[in-house]
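Subject: Handover of a structure and notes on its features

Dear colleague,

Please find below the structure that I am passing on to you. My notes follow it, arranged by topic.

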Amino acid sequence: MSLDSMRAPAGASPDTRLTASGAPPASVSPRPPLPLAHVEPAVPDALVSREVVVSGCVKRRYSFDLCALMRLPTQLTGPLDVVCLSGRMVRSASEYKGVRLSALLDIAQLRLPHARDFTRAFVLAQGADGYTVMFSWHELYNTPVGIGALVVYERDGQPLDDDEGGIGLISTGDFRVALRQVRALKRLSVHLADSPPR
Ligand SMILES: Nc1nc2c(c(=O)[nH]1)N[C@H]1C(S)=C(S)[C@@H](COP(=O)(O)O)O[C@H]1N2
Ligand SMILES: [Mo]
């Protein structure tokens with residue numbers, strides 16, 4: 001067999017792929033090329049997360065991109081069924097890879113009016129579409145839930161692709177894991193619950 005016959009046909013070299021802008025290679029497009037502004041990416045950028053910002057009651061606001069997350073101690077979930085409140089199986093994963101949510105908080109450090117105020121601190125985790133879930137300080141630092149509350153960037157050995165939102169959040173200790181699984185995690189904001197007047 002000649003080397004030539006093993007080569008991909010002209011116009012489909014190994015480097016030819018759909019770009020982030022979704023523009024198909026000119027040679028395979030049956031239609032005249034569209035102006036760039038009309039070409040929609042497969043997943044709108046607004047629904048993908050490339051970094052997670054830690055803000056609110058913290059000493060320093062931090063932004064963690066993929067590289068920053070990968071430098072932190074890695075956590076693996078092991079097999080995990082992602083099930084919604086209804087009982088619907090969203091997916092069955094062999095493994096997610098990520099870092100503890102508490103590790104990010106430890107870096108940003110809580111900023112508290114009084115030392116004991118950590119007892120009423122909580123974190124809101126928000127996705128690119130606004131979907132928001134909550135973890136209390138106690139869940140994260142004072143119960144087994146915290147061990148499995150992870151900011152994740154890989155599933156089954158593959159990076160979470162744009163369809164899956166890039167960076168995400170998962171809580172392996174939950175009964176219904178799908179609910180606190182946040183797709184395209186953008187923000188972790190730390191708050192203090194109001195203390196009722198005595
Ligand atoms: N950002 C974001 N994450 C989300 C949701 C959402 O609407 N937005 N829905 C939740 C619910 S109710 C379910 S069942 C799962 C669905 O998982 P999937 O979006 O990864 O398929 O995502 C959870 N995480
Ligand atoms: Mo759901």
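Is Q109 buried or exposed, or does it fall in between? Please bear in mind throughout that this is a predicted model. Q109 is partly exposed, because its relative accessible area is 39%, and the limits for that class are 20% and 50%.

**Backbone**

Q109 belongs to the loop that runs between helix 3 (101–108) and strand 7. Its phi is positive, at about 65 degrees, although Q109 is not a glycine. As background, most residues other than glycine have a negative phi. A184 is another non-glycine residue with a positive phi, in this case near 55 degrees. A184 is located in the loop between strand 11 and strand 12. Whereas Q109 is partly exposed, A184 is buried, as its relative accessible area is 2%.

**The loop between strands 11 and 12**

The loop between strand 11 (168–171) and strand 12 (185–192) also holds L179. L179 has a relative accessible area of 31% and is therefore partly exposed. Together with L85 and Y131, L179 makes a nonpolar surface patch of about 280 Å². Membership of such a patch calls for over 30% relative accessible area, and L179 stands at 31%.

L179 also takes part in a contact between distant parts of the sequence. V82 and L179 are separated by 97 residues in sequence, yet their C-alpha atoms are 8.7 Å apart in space. V82 sits in strand 4 (residues 80–83). With a relative accessible area of 0%, V82 is buried, whereas L179 is partly exposed.

**Largest pocket**

The largest pocket has a volume of about 340 Å³. Its lining is made up of 19 residues, and those closest to the centre are R91, A178, Q181, V182 and R183. Two or more lining residues come from each of strand 5 (89–93) and strand 11. Of the elements, strand 11 gives the most to this lining, with 3 residues. By character, the lining of the largest pocket comprises 11 nonpolar, 2 polar and 6 charged residues.

**Cavity**

As a general point, rolling a probe the size of a water molecule over the atoms shows where empty space is left. In this structure there is 1 cavity of 30 Å³ or more. The largest cavity contains about 40 Å³ of space. Its lining consists of L105, L110, A121, F122, V123, W137, L140, Y141 and V190. The elements that give two or more residues to this lining are strand 7 (121–127) and helix 4 (137–142). The lining of the cavity has 9 nonpolar residues, with no polar and no charged ones, whereas the lining of the largest pocket includes 6 charged residues.

**Salt bridges**

How many salt bridges does the structure hold? There are 7 salt bridges, and three of them are described here:

- R155 and E164 are joined through their side chains, at 2.8 Å from N to O. R155 counts as buried because its relative accessibility is 19%, and E164 is likewise buried, at 18%. Both values lie under the limit of 20% for a buried residue.
- D174 and R180 form a salt bridge in which the closest N and O atoms are 2.9 Å apart. D174 is buried, with a relative accessible area of 15%, and R180 is buried, with 14%. D174 and R180 are also linked with E139 in a network of salt bridges.
- R120 and D117 meet through their side chains at 3.3 Å, N to O. R120 counts as partly exposed, since its relative accessibility is 25%, while D117 counts as buried, at 9%.

Which of the two residues in this last pair is buried? The buried residue is D117, at 9% relative accessibility; its partner R120 is partly exposed, at 25%.

**Points to view together**

When you open the model, the loop between strand 11 and strand 12 may serve as a starting place, as both L179 and A184 are found there. From L179 you may turn to the surface patch with L85 and Y131, and then to V82 in strand 4, at 8.7 Å from L179, C-alpha to C-alpha.

With kind regards

Key. Residues are numbered from 1 along each chain as its sequence is written. Chains are lettered from A and ligands numbered from 1 in the order in which they are written. This is a predicted model: local features need pLDDT of at least 70, side-chain atom pairs count only at pLDDT 80 or more; totals for chains, interfaces and linings use all residues. Side-chain values use heavy atoms; hydrogens and water are left out. Patches are made of residues with over 30% relative accessible area and no salt bridge: like charges are joined within 9 Å, nonpolar side chains (Val, Leu, Ile, Met, Phe, Trp, Tyr) within 5 Å. Accessible areas come from the Shrake-Rupley method with a 1.4 Å probe; for residues, only the protein chains shown count as cover. A salt bridge is a side-chain nitrogen of Lys or Arg within 4 Å of a carboxyl oxygen of Asp or Glu. Helices (H or I, at least four residues) and strands (E, at least two) are DSSP runs, numbered from the N terminus. Buried means under 20% relative accessible area, exposed over 50%, partly exposed in between (1.4 Å probe, protein chains only). On a 1 Å grid over the protein atoms alone, a cavity is a set of points where a 1.4 Å probe fits but cannot get out, and a pocket is an open set with protein on both sides within 12 Å along at least five of seven lines; lining residues have an atom within 4 Å of a point. Grid points are joined across faces, edges and corners, and a volume is the space filled by probe spheres set on the points. Ala, Val, Leu, Ile, Met, Phe, Trp, Tyr, Cys and Pro count as nonpolar, Asp, Glu, Lys and Arg as charged, and the others, Gly among them, as polar.
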